Amino acid sequence: MDNLTLWLIFIAVCIGTFAIRLSFVHLHGRGSFNIGKHQTTLQLLAPAVLAALSIPAVIFQDKTTLDSVSVAQITAALVTAILAWAFKGVFWPLCLGMITFWIMKFYSF
């Protein structure tokens, strides 16, 4: 991919992102956008973003191959996900997930 194509992609993504954000500001300003109607969808946004950021980091630890998957990281991620689902919170699942990870690393899993 040459530099011109790359810059055109960057510019297109910038315009698209700006248009999406501007459309929400415009809809909210007109008063036709009901935030209560979209409350459920907005509540799912934070877990979706967190999963999108953390799952590739756990699964693809070494470049983009599945050859060197760390059992400790995957187990800690599963423990954290289960505890987050059970407790409906973030702090304790993250703490217990990190403790699980360090215990598994200590015992060389």
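This passage describes the fold, the largest pocket, a surface patch and a few single residues of a predicted model. Local features were taken only at pLDDT of at least 70 and side-chain atom pairs only at pLDDT 80 or more, whereas totals for chains, interfaces and linings use all residues. Residues are numbered from 1 along each chain as its sequence is written, and side-chain values use heavy atoms, with hydrogens and water left out.

The chain holds five helices and zero strands, where helices (H or I, at least four residues) and strands (E, at least two) are DSSP runs numbered from the N terminus. Read from the N terminus, the order of elements is α-α-α-α-α. Of the 109 residues in the chain, 11% are buried; here buried means under 20% relative accessible area, exposed over 50%, and partly exposed in between, with a 1.4 Å probe and protein chains only.

We turn next to the largest pocket. A pocket is an open set of points on a 1 Å grid over the protein atoms alone, with protein on both sides within 12 Å along at least five of seven lines, and its lining residues have an atom within 4 Å of a point. The largest pocket encloses about 790 Å³, a volume being the space filled by probe spheres set on the points, which are joined across faces, edges and corners. Its lining counts 25 residues, with Leu50, Ser54, Ala77, Thr80 and Ala81 nearest the centre. Helices H3 (45-59), H4 (71-87) and H5 (91-106) each contribute at least two lining residues, and H4 gives the largest share, with nine. By type, the lining comprises 19 nonpolar, five polar and one charged residue (Ala, Val, Leu, Ile, Met, Phe, Trp, Tyr, Cys and Pro count as nonpolar, Asp, Glu, Lys and Arg as charged, and the others, Gly among them, as polar).

Three residues illustrate contrasting settings. Methionine 104, in helix H5, counts as buried because its relative accessible area is 12%; its C-alpha lies 8.4 Å from that of alanine 76, 28 residues apart in sequence. Isoleucine 55 belongs to helix H3 and is partly exposed at 48%, and its C-alpha is 9.3 Å from that of isoleucine 74, 19 residues apart along the chain. Valine 90 sits in the loop between H4 and H5 and is exposed, at 53%; a C-alpha separation of 9.9 Å links valine 90 to proline 47, 43 residues apart along the chain.

Finally, a nonpolar surface patch includes Met1, Trp7, Ile9 and Phe10 among its members, with about 1,100 Å² of accessible area for the whole patch. Isoleucine 9 is placed in helix H1 (residues 3-30) and is partly exposed, at 37% relative accessibility. Such patches join nonpolar side chains (Val, Leu, Ile, Met, Phe, Trp, Tyr) within 5 Å, from residues with over 30% relative accessible area and no salt bridge, that is, no side-chain nitrogen of Lys or Arg within 4 Å of a carboxyl oxygen of Asp or Glu. Accessible areas come from the Shrake-Rupley method with a 1.4 Å probe, and for residues only the protein chains shown count as cover.

Terms used. Patch = residues over 30% accessible without salt bridge, like charges linked within 9 Å, V, L, I, M, F, W, Y side chains within 5 Å. 1 Å grid on protein atoms, 1.4 Å probe; cavity = no way out; pocket = protein on both sides within 12 Å on 5 of 7 lines; lining within 4 Å.
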